[in-house]
Structures are given as structure tokens and as C-alpha cells.
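Here is a short report on one protein model. Please look at the structure first, then read on with it beside you.

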Amino acid sequence: MEIPDLNDVRTFVAVGQEGTLTAAARSLNLPTSTVSRALTRLEKHLDVLLVQRSPRGLVMTDFGKDYLQACKRALRTLRDGGELLDIHRERPSGLIKVACPITMARSIFAPLLPDFLSRYPELRVELEPYSSGWDQKPREDVDVFFKVRAPRDSLRRVRPYPGTKRGLFASPEYVSARGNPRAPDELGAHTCIGSGTWRLSRGSKVAAPNILFRVVASDPVVHLDLALSGFGIAILPLYMAKRPDTRNRLMPILPLWNPEPITLCALFSGAARLTPKVQVLLDFLGEYLGTDRDPRLDRVPARGLFTEPKLEATSGP
């Protein structure tokens, strides 16, 4: 037999406890007709008479009495489960397994985990950084899988975070020696550092210059170090290029052309409702990422450096 509607069960319990349809309706803050229909619907579902109606009131049948006790126990179990879940929400505990790109582990989790674990002392975190394979596949053995690209399917639940705006930069020494490209198609004649396809936009115009990278790397820290050394041109997160220790050592290249921002999203599977430990982690990160409290910033205001949280496919780092 299929499980009956839980609202009908609750209504039946109220009828059994109150003794009349009118009193049950009053306790549930429902019309008497709604209570009567719910009781009839439950009896039809069970194919048995639960309550005998008479001018003198309601009388429980023998089956109705037994079923009433079973329903009370079931509702009490559900109530206890809800209270237990509330406790776990207030004091989540256990192990959270997290997989994320190495750059995220280094620049976000490393500085934020002490505060997070201080706030939730009964939690433990197992952090598994992975090299930034651009379209890395999520794994089933982790609670939360962070990606820098929107997923191709919807089998998992997804929470987007603010994306990172980027720009093209090189050192003044490089520009003095090699010149400053005036259009995206001139980048092919320059020394470039990066990976994937560079897609640049200027209003409605989009360019994807044909570039043979002298150094192929997906780590923006590598890009920054090489650009600062005068080696070549790199796409860098704006927060990285505008830090106090770097902003006077870099020049914007093709400033009217914008590279695609890097998106960030958390993937997780399971029941429709998040487990408390996952919920508090995702909410905690939401307090920081893309705000002035973002650990990637170094005394730089967040305004203009991040995008709104959204899921967009991007072509590469």
C-alpha cells in the first residue's frame, strides 16, 4: 500500500484527539469541511472505516483506534527526527570531504578554514586539492566538489559563487622591448602565457586570437610571476593585478578587450535538502567570496573585481 498523505494523517490524529470534526478543525485552524474531506480521503486510501459518524458525534472503530496509536508514534518519530536535525543545524558535526582546485585550496580555504573550524568546533574538513584540469569531473566520494566551470549536466545540485573578472597584463619592461599589441589578432606575434582559448570581448565583438603559448599553465600565480619577470603577456584576475605589490609593476594590455571571467560553483549530491554540515560550509564561503572580506584581496576593495553569482560556460583559464 502506498503511504497516505501526511497532512491527512495529521488531520486524523487531531480528530482522534479532539473527538469532533469541529474541535479538530479549530485546533488545526482549518474549515470543518476541509477536515471532513481529509478524513474521508484517508479512509478511502486505506479502504477501511476509521470513524463512525452519528448524530451523537464520532466513534472510533477498532481499526481506527489501533491506527490512531500507530499514527501518533509515527508523527512523534518524525518530530524527534526534526528536533535532531535542528540540533545538527545548530551544532553540525562530522567530516566534510571537499575537492577543489589547488589555487582555491591555497588562496581561499587555507586562510578561511581556521575561522570556519573555530565557528563549528565539532566539524572536521578533509581537503583534497586537484590540479586545475579545466573541465574536471566531480567525484562521488566527496561531499562538495568545487569547479571553475559550470557543469554540463544537472544531476547534481549546484551553488554558484561570484566569478572573477580578468584582464590582459604585461610588465612595462616587456612592452618597452616587444611593443604593445593594438588588436587581439596581434597577440599571436607576442610571447603569451596561459592555456585553453583566449576569448576576448569588446561590447558585442568577440575575438579568439590564434595563440601558440610559450608557457602552458593553468595556475594564475605562475602567470603572474612570469608576467612580472618581463617574460610575456598573461591573463590575470583583476584582484591579483591590482594588489599594492603588483599594480605598479604591470601594464594593462588591450584594456578595452575583456577576457571571460572565471566562474566558481560548488557541486553536491544527495537529498533535496542539504545536510547541515554542507549547508554551513557553503553559507560560510558565501559570507566572504566576492566581498571586501575575500581572502584573495590585499587591501583592495572588491568593487569591480567580481561578477554576480551565475553559471556560465567559459572556454579556459
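## A charge over a ring

The charged end of Arg 293 lies over the ring of Tyr 288, 4.2 Å from the ring's centre. This is a predicted model, so read each value below as computed from it.

Tyr 288 has aromatic company too. It forms one aromatic cluster with Phe 116, Tyr 120 and Phe 284.

## Aromatic pairs

How many aromatic pairs are there? The count comes to ten. Take the pair of Tyr 239 and Phe 306. Their ring centres are 6.3 Å apart, and their planes meet at 20 degrees. Centres within 6.5 Å make a pair, and planes under 30 degrees apart count as stacked. Both conditions hold, so this pair is stacked.

Where do the two rings sit in the chain? Tyr 239 belongs to helix α8 (residues 238-241). Phe 306 belongs to the segment after α9 (276-288). The two are 67 residues apart, so the pair links distant parts of the chain. Are these residues buried or exposed? The cut-off for buried is under 20% relative accessible area. Tyr 239 has 8%, so it is buried. Phe 306 has 10%, so it is buried as well.

## Helix α3

Helix α3 covers residues 32-46, which is 15 residues. At 1.5 Å a residue, it should span 21 Å. Its end C-alpha atoms are 21 Å apart, so the expected span and the model agree.

Which residues of α3 are buried? They are Val 35, Ala 38, Leu 39, Leu 42, Glu 43 and Leu 46. These residues cover an arc of only 130 degrees around the axis, so they lie on the same side of α3. A general rule helps here. An α-helix has 3.6 residues a turn, so residues three or four places apart point the same way.

Ser 33 is also in helix α3. Its relative accessible area is 41%, so it counts as partly exposed. Ser 33 and Leu 21 are twelve residues apart in sequence. In space, their C-alpha atoms are 8.6 Å apart.

## Positive phi angles

What is the phi of Asp 47, just after α3? Asp 47 takes a positive phi of about 60 degrees.

Asn 29 also has a positive phi of about 60 degrees, although it is not a glycine. Asn 29 lies in the loop between α2 (21-28) and α3. Its relative accessibility is 72%, so it counts as exposed.

Arg 299 gives another case. Its phi is near 60 degrees, a positive value in a residue other than glycine. Arg 299 is found in the segment after α9. At 70% relative accessibility, Arg 299 counts as exposed.

## A hairpin

Now to the strands. Strand β1 (residues 51-54) and strand β2 (residues 57-60) run antiparallel. Four bridges join them. In one of these links, Gln 52 has Val 59 in β2 as its bridge partner. How many residues does the hairpin use to join β1 to β2? It uses two residues.

## An open sheet with β4 and β6 at its edges

Follow the strands across this sheet. It is open, has five strands and runs in the order β4-β3-β5-β15-β6. The pairing is mixed. Which strands stand at the edges? They are β4 (123-130) and β6 (157-164), and each pairs on one side only. Neighbouring strands of this sheet are turned by 20 degrees against each other on average, with direction ignored.

Look inside the sheet next. Strand β3 (residues 94-101) pairs with strand β5 (residues 144-147) in the parallel sense. Two bridges hold this pairing in the model. Val 98 has Val 144 in β5 as its bridge partner.

## An open sheet with β11 and β13 at its edges

Another open sheet has five strands in the order β11-β8-β12-β7-β13. Its pairing is mixed. β11 (215-216) and β13 (251-253) stand at the edges. Each has a single partner strand, so one side of each is left without a neighbour in the sheet.

What joins strand β7 (residues 166-170) to β13? Three bridges do, and the two strands run antiparallel. Ala 170 has Met 251 in β13 as its bridge partner.

How values were computed: Residues numbered from 1 in each chain as written. Predicted model: local features only at pLDDT ≥ 70, side-chain atom pairs only at ≥ 80, totals over all residues. Heavy atoms only, no water. Phe/Tyr/Trp six-rings, centres within 6.5 Å; stacked < 30°, edge-to-face > 60°. Buried < 20%, exposed > 50% of the residue type's maximum accessible area, 1.4 Å probe, protein only. Lys NZ or Arg CZ within 6 Å of the ring centre and 35° of its normal. Expected span 1.5 Å × (residues − 1). Arc of directions from axis to C-beta. Pairing = 2+ DSSP bridges. Axes fitted to C-alpha atoms, helices over the stretch in contact; angles between N-to-C directions.
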